[in-house]
Amino acid sequence: MAKDKNNVTAELPELFTVSPSPHMKTADNTRTIMIDVMIALLPAYVWGVISFGLRALAIGLISIVSCILFEALAEWILKRPVTVSDCSAAVTGLLLAMNLTVTVPLWMPVVGAFFAIVIVKQIFGGLGKNIVNPALAARVFLFSWAGDMTRFVSFGTKVNSLSPVLGDADIVAGATPLASLKAGTVPDKSVLDMFLGNVNGCIGEVSAILLILGGIYLLTRGVITWHIPVAYIGTVAILTFIFPKTSASWNYMLYEILAGGLMLGAIYMATDYATSPMTPVGRIIFGVGCGGITVLIRYFGGYPEGVSFSILIMNLLVWYLDRIGMPRRFGTKRFAKKS
């Protein structure tokens, strides 16, 4: 109850609980969207299991189960509704596993899951309130153990053992195509091999064709839009074509867009609803920024891959990109202060 200027008692309007943006009226909900994302990711993940062995399957299961358990435990401790049934934690676990190598110790997905769910997601308020992508933040955090995160096996070397693989004589180590590009040399794999996924790399990043097909599925389902993936991959393509490290511009460009986690990051993680812009203009700027930073890190950074770092950096600028991209009211300046 409140009184107006004439001292007349008036009733206050009801208070509404407003969910995090974006606010769209649709038949879809968080659960259906997350199931679509998992369906899109599964072919590339299954190919990783086929290529690298049963240990890749174990890493995925440990990562998914750990994310679900940490989500439920954190929400119970924080006295929030337990929302693991929306499958968002499962998607985070799958993405985290796909960003790991098959040789990582089995405790690393658990540590990564804790960091992704508890530190990045729940402490900031839960689903839709995290300011950076949880799976990518966890991957970067796990580079605290850089030796484990950068130990790859040659394609076709199946790792079926659940025991530690460091120093295992049966494991054949191999450099990734991205490492060769970083050194300014052409990878020993063909462009077709990289397109199909017959290369070394993380569990879920090797098959570009399966990642692209999954992205097309998400586009047809309306889960993502074309703006960020096209702007991201297009920027990397243009910059690497104009400034190649080898004489063959076309081949070098194709190697750069097919190597590493570019397809996985551009299609599935840069498009995360909570950490990407809502406006088309903002999304395009976001994608261009991710592409530019990725090339900058690949060319001049100490680490050959820049996808994770570029997306996390651009995540922090989403608020500004939404302001730039939002429609301007007639007769007002774009960033005019409210009276």
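Let me begin with a crossing of two helices, α4 and α5, which is right-handed. The residues that make this contact are V111, G112, F115, A116 and V120 on the α4 side, and P134, A135, A137, A138 and F141 on the α5 side. Sorted by class, the contact of α4 with α5 has nine nonpolar residues, one polar residue and no charged residues. As for the geometry, α4 and helix α5, the latter spanning residues 134-141, pack at an angle of about 130°, and their axes are 8 Å apart. With that angle, α4 is oblique to α5.

I should say at once that what we are looking at is a predicted model, and that every value I quote is computed from it. The protein contains 15 helices and two strands, and of its 339 residues, 49% are buried. If we take the contacts between residues at least 6 apart in sequence, 73% of them join residues at least 24 apart.

Now to the other partner of α4, which is helix α3. Helix α3 covers residues 88-98 and helix α4 covers residues 108-122, and the two pack at an angle of about 135° with their axes 10 Å apart. That angle makes α3 oblique to α4, and the crossing of α3 and α4 is right-handed. On α3 the contact involves S88, A89, T92 and L96, while α4 contributes P109, G112, A113, A116, I117 and K121. In this contact of α3 with α4 there are six nonpolar residues, three polar residues and one charged residue.

Between these two helices, in the loop that runs between α3 and α4, we find T101. Is T101 buried or exposed? Its relative accessible area is 2%, and because the cut-off for buried is under 20%, T101 counts as buried. The side chain of T101 reaches the backbone oxygen of R151 at 3.4 Å. Setting aside neighbours within four places in sequence, T101 is in contact with I59, D148, M149, R151, F152, C202 and I203.

Let me move further along the chain, to E256, which is found in helix α11, residues 249-258. E256 has a relative accessibility of 2% and therefore counts as buried. Which side chain does E256 join through a polar contact? The partner is Y252, and the polar contact between the two side chains is 2.9 Å. When residues up to four places away in sequence are not counted, E256 touches L178, L181, T240, L262, R298 and Y299.

One of those residues, L262, takes us to helix α12, residues 262-269, which is mostly covered, with eight of its eight residues buried. The buried residues of α12 are L262, M263, L264, G265, A266, I267, Y268 and M269.

The last residue I want to show is V295, which lies in helix α13, residues 280-300. V295 is buried as well, with a relative accessible area of 8%. How far apart are V295 and A237 in sequence and in space? They are separated by 58 residues in sequence, and by 9.4 Å in space, taken from C-alpha to C-alpha. Not counting residues up to four places away in sequence, V295 touches V236, L239 and T240, and T240 also appeared in the list of residues that E256 touches.

Note on methods
Residues are numbered from 1 along each chain as its sequence is written. This is a predicted model: local features need pLDDT of at least 70, side-chain atom pairs count only at pLDDT 80 or more; totals for chains, interfaces and linings use all residues. Side-chain values use heavy atoms; hydrogens and water are left out. Axes are lines fitted to C-alpha atoms, for helices over the stretch in contact, and angles run from 0 to 180 degrees between N-to-C directions. Helices (H or I, at least four residues) and strands (E, at least two) are DSSP runs, numbered from the N terminus. Angles under 35 degrees count as roughly parallel, over 145 as roughly antiparallel, 65 to 115 as roughly perpendicular and the rest as oblique. A crossing is left-handed if the near helix is turned anticlockwise from the far one by less than a right angle, and right-handed if clockwise. Contact means heavy atoms within 4.5 Å. Ala, Val, Leu, Ile, Met, Phe, Trp, Tyr, Cys and Pro count as nonpolar, Asp, Glu, Lys and Arg as charged, and the others, Gly among them, as polar. Buried means under 20% relative accessible area, exposed over 50%, partly exposed in between (1.4 Å probe, protein chains only). A polar contact is a pair of N or O atoms within 3.5 Å; within protein, one must be able to donate a hydrogen and the other to accept it, and residues adjacent in sequence count only if both atoms are side-chain atoms.
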